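User: I have a chain open and would like to talk through a few of its parts with you. Could we begin with one strand and then move on to a helix?

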Amino acid sequence: MSLQAGPIVETREVELTTDRRRVLLGGGLVLGFAFAAVKAHARSTDQRVNNAGPQPVSNAEVNDVAGAGFVGFRPDAWIRISPDNKVTLIIPNVEMGQGVYTGETMLIAEELEVGLDQVSVVPAPPNEELYKQPLLQFQGTGGSTSIRGAWGPLRQAGAAARTLLIQAAAQGWGVDPAECRAERASVVHPPTGRSVSYGQVVNAASRLPKPAQVALKDPSQFKLLGKQLQRIDTPAKVNGTAIYGIDIIVPGMKFATVSACPVLGGRLASVDDSAARAVPGVLQVVRLDNAVAVVAEHFWAAKTGLDACKITWNPGPNAKLSSTALWADLDRASRAGPGAVAVQKGDVAGTFKNAKKQFEAVYRQPFLCHAPMEPQAAVVHVTGGGAQIWCGTQVPTRAQAAAAKVIGCAPDAVVLHNQLIGGAYGRKLETDYVEQACAIAKQCPWPVKMVWTREEDMQHDNYRPMYVDRMSAGLDADGRPVSWRHRITAASVTARYAPAGMRPNGVDPDAVEEAEDPVYGGFPNMLVDYVQWRPPPGVVVSWWRGVGPTHTIFCVESFVDELAHAAGKDPLAYRRDLLRNVPRARAVLDRAADVAGWGSALPARCGRGVIIQKSFGSYLAVVLEAGVSDEGDIALRRITAAVDCGLTVNPNLVKQQIEGGIIFGLTAALWQGITLENGRVQQANYNDYRMLRINETPPIQVIHMPTNNPPGGIGETGTTAAAPALTNAVFAATGVRIRELPIDHGLLKKGARAERAAVIAPVGVAAAAAAKAWLDRAAEDGR
């Protein structure tokens, strides 16, 4: 069933406010054979939920469309049109909640001249050659690169296919193609009133040579792009028909769950499985190098059997490892020098020595867990010469190759059926769970679904690195930085995951992103260097939502806020001055501040924090208003965000991602950190790795300020802004400067001694009055 697209909402600047406390969440879980294609559709934004959901198809049907046996028009890797006029789009990036199925479908559909209600969407199979992400240079989804990388190629694909279909129809009619136009999956010849569906000309179009160049639409001609259209995957997620990797059921399948050595890097010594084998439903106990898995007729039997196993572990060298020891080692590394230079210009030491004011600060950020709603899961059926795998992965080709290595076959003997992902945040850039599922299934005669428990998922993650950042600046008589020094010390994700991405001198570009080229455009005398810390074997670091900028923007925006107060300046006015040559940044900063009411009076122990950032090609300003109780509890009162992400595919997706990213980042800043004791992760579930709750979430106003600049990334932008906006607001409310995350709420108790915080007086009345006066002038000038 398909739906006619509803009226389209025009947008240039859109202000969207959400209060999550008023959202009623609902849905269900439906087990089915496989994730499928979803029938796309669009309605205007005043329709909350479409009346019909996506239409599921089996993985076999997906393979029929994406595989070599498809019969019909297949001009490229992404577009398939069958003689019955069924339009199927193969989406190169993975849907994990960010809305990429909707966004990338809109890119193709805009130029192909089809409605979103006329297409089906399927995930791309593993194929590095066809589906390599242009910005990542491998088949993967991450780093807020999807729309940025797809903006040109997918539009060009749609335009080329449309050109061929028009030519085929024109040849059949014996008319000039210039007299024809395409609309809603058909070709029309206005002079004669004739029309033909795409399906009727697919055979003729398939015989035509692909055009070397095609003209893309000017933004003024867009019918879909830039419009507020609902996501194509929403109905299935509301009515419970959406199928994730953890939902897969195949004939004859058994269930497995796993316990790895609780000490990171430890190994299995022995296991007494006699009690486990006595549990009804248990079929097999599988021994791995560092784990034990129990396979059973159903998950509860597998879990009960695993709990009954008497396991002896060899903890290895990390048996006494603690967070205290790790922090001490990281601190030592941060003081050792010199580091690998990311950027160096001018005389940093000399200008610092001669500066009117000198300022230094050290910031610390902990290991973080990805903690997605869907824990690690995969279904694997090992057959004679290969395997079939059903899972959600951000890296289909990499997962396929990793599985083949475990199974002992060629990669093309592994058929990987990619699924919807129930949140990943970078976790499924890793393939460890796929490899483990293959190692278990390799020892079993049945298809096996391996599912990690929440505790297993949290305590055996690959964690976001710990960071120590040492910063110093010298200020001139006007309070502007004349010397800027930033040393970053952390384990390198790039060195492990993509070593070719390391710079020849040892700089991890991810670790210094937005530190070596901050939003302010750099400083005249500047040194940013990087020290690669090597954690003990078994402690593995990985990318987390926001990647490098999540850490660097917290440091840069916290430090700039400190410099503003050291200079006796209002934090907003101080940033505006530093941004005098960065008009895009200044525009979003002014808008957010104006809407948030910067400078207006607030109750006692309430404050506003402001940040400005450039990350993933987008500019974002956030003003966060928070109150702090006498007991140190933080209440989030209001958040205002203004974003310029260039040319925009769908403002609704922008709003959703900014909103969700901010909430994700605030959760980490308020409560989250992974700690170790005796080599074991201390956090195990959402009770001790807290999430922000709906009743704690404030109204969030997202002001969308599109420009004609190239599209910027948006999936991680809100996350990178959250922590510094919050900690700057906490300082404004209490005078306590937070330099270590997560926030120690004990420091915020009224009258508490801030033993680990720098305390500077909050913004004074004069500074607030100056800010208000500036806002009044800006309003008069029309800024």
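User: Which residues point one way from β24, which point the other way, and are they buried or exposed?

Analyst: Bearing in mind that this is a predicted model, Ser618, Leu620, Val622, Leu624, Ala626 and Val628 point one way from β24, while Tyr619, Ala621, Val623, Glu625 and Gly627 point the other way, and all of them are buried. Put as a count for the strand, which covers residues 618-628, 11 of its 11 residues are buried.

User: What does β24 pair with, and in which sense?

Analyst: β24 pairs with strand β23 (residues 606-615) in the antiparallel sense over 10 bridges, and with strand β25 (residues 634-644), again in the antiparallel sense and over 10 bridges. Val622 of β24 is a useful place to look, since Ile611 stands opposite Val622 and Val622 in turn stands opposite Ala641 in β25.

User: How many residues lie between the strands in each hairpin?

Analyst: The hairpin of β23 and β24 has 2 residues between the strands, and in that hairpin Phe616 takes a positive phi near 60°. The hairpin of β24 and β25 has 5 residues between the strands, and Gly632 in its turn has a positive phi of about 95°.

User: Switching to helix α2, how far does it reach?

Analyst: Helix α2 (residues 100-112) has 13 residues and reaches 18 Å from its first C-alpha to its last, which is close to the 18 Å expected at 1.5 Å a residue. Just after α2, Glu113 takes a positive phi of about 65°.

User: Is α2 mostly covered or mostly open, and what angle does it make with α4?

Analyst: α2 is mostly covered, with 13 of its 13 residues buried. It packs with helix α4 (residues 146-173) at an angle of about 35°, their axes being 6 Å apart, and α2 passes α4 in a right-handed crossing. On the α2 side the contact is made by Val100, Gly103, Glu104, Leu107, Ile108, Glu111 and Leu112, and the α4 side includes Ile147, Ala150, Trp151, Leu154 and Gly158.

User: Why would residues three or four places apart point the same way?

Analyst: An α-helix has 3.6 residues a turn, so residues three or four places apart point the same way.

User: And the whole chain, how many helices and strands, and what share is buried?

Analyst: The chain has 21 helices and 30 strands, and of its 783 residues, 62% count as buried. Among contacts between residues at least 6 apart in sequence, 76% join residues at least 24 apart.

Notes. Residues numbered from 1 in each chain as written. Predicted model: local features only at pLDDT ≥ 70, side-chain atom pairs only at ≥ 80, totals over all residues. Heavy atoms only, no water. Helix = DSSP H or I, 4+ residues; strand = E, 2+ residues; numbered from the N terminus. Buried < 20%, exposed > 50% of the residue type's maximum accessible area, 1.4 Å probe, protein only. Contact = heavy atoms within 4.5 Å. Pairing = 2+ DSSP bridges. Expected span 1.5 Å × (residues − 1). Axes fitted to C-alpha atoms, helices over the stretch in contact; angles between N-to-C directions. Left-handed = near helix turned anticlockwise from the far one by under 90°.
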